[in-house]
Structure formats: C-alpha cells, structure tokens
Amino acid sequence: MAGCEIVSGKRLLFVMAADAEYGPHLRSRFTPLMTGVGPVEAALATGIALQDMARHNALPDLVVCLGSAGSRICGLGEIVQVASVSWRDMDASRLGFTKGVTPFVDHPVDLPLATPLAIPSARLSTGANIVGGDDYAAIDADMVDMETFAVARACARFDVPLMGLRGISDGPGELDHINGWMELLELLDERLAAAVDLLPEALANGL
C-alpha cells in the first residue's frame with residue numbers, strides 16, 4: 001500500500017484510479033494509492049488506507065486526488081483544480097431529499113475542496129458512468145470523473161482535507177471507445193506533474 005510523501009513538511013497521500021493515467025512524469029514524483037475505477041472502488045480503497053494510517057497515528061495532512069476528467073467547458077489538455085465535487089448518481093428526491101445529497105447524511109450537494117494552487121478551478125461531478133455527447137447537458141458541473149466524491153467522503157470521515165487535480169482528456173463530441181479517453185493521457189501526465197511541482201511552495205505558504 002502506498003504511503004505518504006513529505007512535501008514542505010506536510011504528509012501528502014496521492015490518490016489515483018488507473019495505471020494508464022500514471023505516466024513517467026508522475027512516477028518520478030510520487031507513489032500513489034491506486035483505488036481502481038469508480039466510486040465504490042475509490043471509497044473502499046481510500047477508506048481502508050486512511051483507517052490503517054489512523055491506527056498508526058499517521059494520517060496525511062492532505063490527500064491529493066488526481067487523474068483525468070471529461071468536460072465540454074474546460075479545454076482539452078487543460079489542468080484544472082477541483083473547486084467542489086458533487087455526486088450525480090445520488091437521487092432520493094422521490095422521498096423529499098435534495099438530489100445529490102445522501103439521505104440522513106449531512107453534506108452539501110457540492111463539497112468544497114482545498115484549492116492551494118494558483119491555477120484555474122472548476123466544479124466536478126463524480127458518478128459511476130462514462131459521460132459523453134448529450135449526457136453533459138444533464139450534469140450541473142464543469143467536468144466529470146468517477147472517483148473524487150468517494151475519496152472526499154472517505155477523507156471527511158477522518159477529517160483529512162482533500163484537493164483535486166484533473167486533466168481534461170475528453171468531452172467535445174461523443175466518447176465511444178477507450179482510445180478516445182487514452183489519446184491525451186501522455187500529455188496530461190506531463191502537465192499534471194508540472195502542477196504537482198507547484199505544491200511545495202503552495203504548502204509552504206499554508207493551506
């Protein structure tokens with residue numbers, strides 16, 4: 001299991017979903033917790049890792065969740081900081097609950113995340129489906145992924161702050177094959193690594 005990296009005196013846990021997103025530039029900088037794809041896998045892996053760290057009194061000062069995302073608003077290849085994250089799968093509105101809010105759990109529709117870097121920020125929506133084409137019109141967010149909300153809920157359980165970094169891999173037009181998602185991953189690896197390189201100075205100035 002991946003451990004924390006020390007950055008500017010802070011313990012950081014990097015979290016990613018898929019090995020395809022973890023290219024040579026990121027590999028030269030940190031070893032992440034790899035959760036697997038989707039909110040269930042992300043919640044399980046992150047929760048187990050944080051519980052283990054809590055038992056050893058070694059919780060991170062910050063979790064950094066990073067990888068790719070889809071968007072029809074943010075530019076392809078752009079690196080975006082996650083301002084807030086929501087859960088598009090959760091809909092108990094027939095029972096009178098607000099769409100996006102887990103019944104009997106006190107969390108807002110949009111969970112704000114830490115944004116320590118001086119790079120563009122945008123709202124993220126997490127869900128268990130691959131989004132493409134006209135599906136974007138039904139989503140109240142600037143970009144989509146499949147893990148960050150789940151990681152955020154695990155972090156909240158242990159009172160650990162979370163930040164998110166997403167590289168825009170797809171969005172315009174229809175996404176109908178895995179190659180459409182993978183085409184920009186090499187570029188995003190390089191650009192995400194450059195964003196990670198901004199963390200030491202940002203953390204030195206405080207979250």
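# A tour from the cysteines to the sheet and its helices

Start by selecting Cys-74, whose sulfur is 16 Å from the closest cysteine sulfur, that of Cys-65, and therefore too far away for a bond. A disulfide is counted here when a pair of cysteine sulfur atoms lies within 2.5 Å, and by this rule the count comes to zero. Before going further, note that this is a predicted model, in which local features need pLDDT of at least 70 and side-chain atom pairs count only at pLDDT 80 or more, while totals for chains, interfaces and linings use all residues. Residues are numbered from 1 along each chain as its sequence is written, and side-chain values use heavy atoms, with hydrogens and water left out.

**Cysteines**

Keep Cys-74 selected and look at its surroundings: with a relative accessible area of 13%, Cys-74 is buried, a term that means under 20% relative accessible area, with exposed meaning over 50% and partly exposed in between (1.4 Å probe, protein chains only). Next select Cys-65, which counts as buried because its relative accessibility is 2%. Its closest cysteine sulfur is in Cys-155, at 8.2 Å, which is too far for a bond.

**Strand β4 and its partners**

Now colour the model by helices (H or I, at least four residues) and strands (E, at least two), which are DSSP runs numbered from the N terminus. Select residues 62-70, which form strand β4, where nine of the nine residues are buried. Two strands are said to pair if DSSP finds at least two bridges between them. β4 runs parallel to β2, joined by four bridges, and to place this pairing you can pick Leu-12 together with Leu-62, its bridge partner in β4. β4 also runs parallel to strand β9 (residues 162-170), here through eight bridges, among them the one where Ser-68 is partnered by Gly-167 of β9.

**β5, β7 and β8**

Move to β5 and β7, which pair in the parallel sense over six bridges; Val-85 stands opposite Leu-124 in β7. From β7, three bridges lead to strand β8 (residues 143-145), again in parallel, and Thr-126 is found opposite Asp-145 of β8.

While strand β5 is in view, select Gln-81, which belongs to it. Is Gln-81 buried or exposed? At 1% relative accessibility, Gln-81 counts as buried. A polar atom of its side chain lies 2.8 Å from the backbone oxygen of Leu-117. If you display contacts (heavy atoms within 4.5 Å), and leave aside neighbours within four places in sequence, the residues touching Gln-81 include Thr-115, Pro-116, Ile-119, Met-143 and Met-163.

**Helix α2**

Select residues 39-55, helix α2: its 17 residues should span 24 Å at 1.5 Å a residue, and its end C-alpha atoms are indeed 24 Å apart, the expected span being 1.5 Å times one less than the number of residues. Which residues of α2 are buried? They are Pro-39, Ala-42, Ala-45, Thr-46, Gly-47, Ala-49, Leu-50 and Met-53. These buried residues pack against β2 (10-16), β3 (33-34) and α3 (148-157). Just after α2, pick Asn-57, which takes a positive phi of about 55°.

**Helix α3 and the nonpolar cores**

Go on to α3, where seven of the ten residues are buried, including Phe-149, Ala-150 and Ala-154. Just after α3, Asp-159 takes a positive phi of about 55°.

A nonpolar core is a set of buried Ala, Val, Leu, Ile, Met, Phe, Trp, Tyr and Cys residues joined through side-chain atoms within 4.5 Å. The largest such core has 29 residues, and those that touch the most other members are Val-63, Val-85, Met-143, Val-151 and Leu-162. Two or more residues of this core come from each of β2, α2, β4, β5 (79-87), β7 (121-126), α3 and β9, and the largest share, six residues, is from α3. A second, separate core holds 25 residues, including Met-16, Leu-26, Trp-181 and Ala-195. Return to Leu-162 and show its neighbours: not counting residues up to four places away in sequence, they include Val-63, Cys-65, Leu-113, Val-151 and Cys-155.

**Last stop: Thr-31**

Finally, select Thr-31 in the loop between α1 (24-27) and β3; with 47% relative accessibility, Thr-31 counts as partly exposed. Thr-31 and Ala-141 are 110 residues apart in sequence, and their C-alpha atoms are 29 Å apart in space.

Methods
Polar contact = N/O pair within 3.5 Å; in protein donor to acceptor, adjacent residues only side chain to side chain.
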